[in-house]
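Q: Please take a close look at one helix of this predicted model, and describe how that part fits with what surrounds it.

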Amino acid sequence: TNKMALEITGNIELDNGIVVNSLYVRTQADLSDDGKMVYCGAKYWSSKTAEENKQVQVYPNFWTELKPEVAYDRATDGSDILQYANEFVKFQFESRGLTATIIDL
């Protein structure tokens with residue numbers, strides 16, 4: 001099955017104090033009732049294999065600071081809200097000095 005995900009690399013401290021150098025992130029996207037916001041729910045695992053094996057999720061120590069929604073205009077932002085949500089989550093990681101790559105397209 002095709003999935004969209006993000007691979008995040010860098011110096012990432014988890015909420016339990018452990019520092020890792022990569023995360024596998026799956027983003028869910030939902031459109032608001034008025035169609036003007038996209039809600040971006042990110043889920044984090046240590047690796048793609050961990051997600052596939054339904055292992056416990058992990059959380060970067062800044063996960064609650066990531067904005068879960070972004071303004072959306074279908075006319076200018078396109079109709080693929082999952083792509084749009086992933087780009088927004090990618091931007092937020094990159095603004096923290098991490099490398100984020102959209103994978104599994």
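A: In this predicted model, the buried residues of α3 pack against β1 (5–13), β2 (19–31), β3 (37–45), β4 (69–71), α2 (74–77) and β5 (99–103). The helix itself covers residues 81–94, and its 14 residues reach 20 Å from the first C-alpha to the last, close to the 20 Å expected at 1.5 Å a residue. At its start, a side-chain oxygen of aspartate 80 comes to within 3.2 Å of the backbone nitrogen of leucine 82.

Ile81, Tyr84, Ala85, Asn86, Phe88, Val89, Lys90, Gln92 and Phe93 are the buried residues of α3. An α-helix has 3.6 residues a turn, so residues three or four places apart point the same way.

The largest nonpolar core has 24 residues, and Phe93 is among those with the most contacts inside it, together with Ile8, Leu23, Val25, Val38, Cys40 and Tyr44. Two or more residues come from each of β1, β2, β3, α3 and β5, and α3 gives the most, with six residues. Leaving aside residues up to four places away in sequence, phenylalanine 93 touches Ile8, Val25, Tyr44, Phe62, Leu66, Leu98 and Ala100.

The strands beside the helix form an open, antiparallel sheet of five in the order β4-β3-β2-β1-β5. Because β4 and β5 stand at the edges with a single partner strand each, one side of each is left without a neighbour in the sheet. From one strand to the next the twist averages 30°, and α3 packs on this sheet, touching β1, β2, β3, β4 and β5, with its direction at about 145° to that of β2.

How values were computed: Residues are numbered from 1 along each chain as its sequence is written. This is a predicted model: local features need pLDDT of at least 70, side-chain atom pairs count only at pLDDT 80 or more; totals for chains, interfaces and linings use all residues. Side-chain values use heavy atoms; hydrogens and water are left out. Helices (H or I, at least four residues) and strands (E, at least two) are DSSP runs, numbered from the N terminus. The expected span of a helix is 1.5 Å times one less than its number of residues. Buried means under 20% relative accessible area, exposed over 50%, partly exposed in between (1.4 Å probe, protein chains only). Contact means heavy atoms within 4.5 Å. A polar contact is a pair of N or O atoms within 3.5 Å; within protein, one must be able to donate a hydrogen and the other to accept it, and residues adjacent in sequence count only if both atoms are side-chain atoms. A nonpolar core is a set of buried Ala, Val, Leu, Ile, Met, Phe, Trp, Tyr and Cys residues joined through side-chain atoms within 4.5 Å. Two strands pair if DSSP finds at least two bridges between them. Axes are lines fitted to C-alpha atoms, for helices over the stretch in contact, and angles run from 0 to 180 degrees between N-to-C directions.
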